[in-house]
Amino acid sequence: MVATVLKLRYRILGNTLARRPWQLVGFCFGILWALSILALVISVLIGVSRLDDLEPVRAVAILGGSALLLGWIVGPLLIAGIDTTVDATKLATFPFTTRQVMVILTATGLTGIPGIATSIAALATLVLWVRSPLAVVVAVPCIALAVLTCVVATRLGSALSTGLGGNRRGRELVGTIVLVVIIFAGPLATGALAALSNAGDIGAQFGRTADVLGWTPFGAAWAVPGDVAAGSYGTAVLKFVIAVATLAVLWAAWRWSLERATVSPPRQATRAVRPGRLGLFGVMPTGGVGATWARSLTGWLRDPRYLRQLVVAPLFPILFAFTGGVDGFMFAASPVMVAFVLCIAGYSDISYDGTAFASVLSSGIRGRHDRWGRILGAACVGVPLTVVIAVITAVIGGHVSTLAATLGAALGLLLVGYGVTAVSSALIVTPVAAPGDSPFKTVPGQTFVSGLLVFVVLAACGVLAAPALIVGGIGMVGRDPAVGLVALAVGLVVGAGVIVVGVLVGGRTLERTGPDLLQRIKAFPTT
């Protein structure tokens with residue numbers, strides 16, 4: 001059963017790479033990246049194994065193993081998402097038991113590039129215990145236990161991020177919470193490392209940290225061989241029990257989440273509304289611009305794919321306050337980072353419409369009216385949010401004199417982004433997650449080129465917004481209110497000019513490319 005599914009998985013992968021050359025290029029880059037990391041890890045392990053003292057060897061094994069498990073939990077969510085070529089949703093149509101589905105998904109996790117690289121790196125840790133044959137023997141089942149824990153933990157994280165069953169709002173909430181936790185993980189880790197470095201001997205601090213992690217689910221399996229090599233057999237048995245219990249608990253939690261999803265499959269959320277209530281469509285002006293404005297603003301206020309960006313953007317001041325304090329330059333410039341996130345949000349705006357874009361084309365709306373409506377919808381939330389964050393950070397940081405300069409740089413970048421994306425979204429469509437999906441799910445059909453297009457759009461935004469950013473940066477560094485006012489004027493003028501040009505160019509482009517965009521959207525693989 002498992003062998004058959006794996007054969008199908010690799011056949012699908014081979015066919016996909018054969019049809020999409022750029023995806024093959026990205027796949028090759030992934031293999032090269034894994035090989036380079038693997039070579040580095042093995043080199044470090046060989047170097048550490050030559051140390052005469054056992055304590056640093058044990059610390060490296062525990063800290064490295066703990067980081068590996070953390071990377072398996074956070075990495076797929078933060079970088080690429082979980083591979084959905086074979087997942088529980090696709091297997092639900094076959095007569096598999098829950099246990100069989102879990103075995104299949106575990107096998108696919110072990111046989112992917114991350115799983116193979118992790119297994120090889122884990123086996124390479126045997127070189128650390130070559131001086132103790134008994135530790136080498138004990139390390140083999142501990143390595144298998146640790147690698148299985150990594151795979152099961154990431155599968156459980158994927159199940160939890162998709163929402164514990166069929167409630168769409170639950171999936172959206174869990175996904176957003178996980179996203180916020182990931183964002184805050186960096187500052188928390190930085191603070192922890194700073195606390196360790198200020199506490200005295202860094203080597204001793206890492207040793208104490210490893211001792212603590214050795215008694216936790218993160219490092220228990222990796223601590224057992226070191227305890228055996230040191231002759232602490234009783235401690236080794238206790239830590240092995242912790243490692244086994246960790247895997248058992250993760251397996252049980254994963255099984256529960258899959259069974260819950262089977263009992264309550266994903267469903268569309270519906271609610272009754274009073275007849276005649278049109279929401280924003282009854283408030284906005286009539287015509288193409290007004291209708292698109294209402295639809296765009298509704299998406300920004302209700303679609304979780306837009307809302308998550310509104311949740312993430314205000315976190316930048318908090319992050320910079322953690323890392324550099326409220327007196328630092330980055331905290332003062334955090335509104336620019338907020339504008340950076342929001343300006344690129346609509347670079348492939350039509351992709352979020354999906355096949356519903358057909359209704360836009362059939363309405364006969366002019367291209368420039370569609371562009372204006374989408375810009376106004378995004379600006380209704382983006383501009384006030386940027387201004388509020390700029391004012392709050394200026395008051396808290398005590399740099400009100402640079403408020404105008406900060407606003408000039410931030411608003412200039414934001415408005416320029418609206419103009420650039422008015423053109424890019426008329427040219428680019430990419431596969432995107434469906435409403436209610438995990439924000440970390442890998443969407444089938446994404447290619448290496450589609451990933452590079454984001455950076456092309458970002459570069460265009462940076463180049464066109466350079467005058468506002470440069471003058472605003474001078475005003476923030478020099479704390480000159482007069483320069484700040486100039487920066488604000490430059491940002492507004494440059495941003496408005498780019499928007500006007502973007503609407504004209506993007507509108508004409510959309511009228512020409514609209515049918516082709518819809519055809520490309522319909523051709524995207526479905527999950």
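Helices here are DSSP runs (H or I, at least four residues), numbered from the N terminus. The model is a predicted one: local features need pLDDT of at least 70, side-chain atom pairs count only at pLDDT 80 or more, and totals for chains, interfaces and linings use all residues. Residues are numbered from 1 along each chain as its sequence is written, and side-chain values use heavy atoms, with hydrogens and water left out.

**Exercise 1. Place Thr406: which helix holds it, and is it buried or exposed?**

Step 1. Look along helix H20, and you'll find Thr406 there.

Step 2. Check accessibility: Thr406 counts as buried because its relative accessibility is 3%. (Buried means under 20% relative accessible area, exposed over 50%, partly exposed in between, with a 1.4 Å probe and protein chains only.)

Step 3. List the partners, skipping neighbours within four places in sequence: Thr406 is in contact (heavy atoms within 4.5 Å) with Ala332, Pro335, Val336 and Met476.

**Exercise 2. Find which residues of the largest nonpolar core touch the most other members.**

Step 1. Get the term straight: a nonpolar core is a set of buried Ala, Val, Leu, Ile, Met, Phe, Trp, Tyr and Cys residues joined through side-chain atoms within 4.5 Å.

Step 2. Among the 50 residues of this core, the ones touching the most other members are Trp300, Leu342, Leu413, Leu414, Tyr418 and Val457.

Step 3. Ask who contributes: H20 gives the most, with 13 residues.

Step 4. Zoom in on Leu342, which sits in helix H16 and counts as buried because its relative accessibility is 2%. Not counting residues up to four places away in sequence, its touching partners include Leu310, Leu385, Leu414 and Tyr418.

Step 5. Now turn to Tyr418: leaving aside neighbours within four places in sequence, its contacts include Leu342, Ile375, Val383 and Ile499.

**Exercise 3. Work out what lines the second largest cavity.**

Step 1. Define the search: on a 1 Å grid over the protein atoms alone, a cavity is a set of points where a 1.4 Å probe fits but cannot get out, and lining residues have an atom within 4 Å of a point.

Step 2. Size it up: the volume is about 70 Å³, meaning the space filled by probe spheres set on the points, which are joined across faces, edges and corners.

Step 3. Read off the lining, which includes Gly65, Leu69, Cys150, Phe218, Trp222 and Thr246.

Step 4. Find the main contributor: H7 supplies the largest share, three residues.

Definitions and conventions: Helices (H or I, at least four residues) and strands (E, at least two) are DSSP runs, numbered from the N terminus. On a 1 Å grid over the protein atoms alone, a cavity is a set of points where a 1.4 Å probe fits but cannot get out, and a pocket is an open set with protein on both sides within 12 Å along at least five of seven lines; lining residues have an atom within 4 Å of a point.
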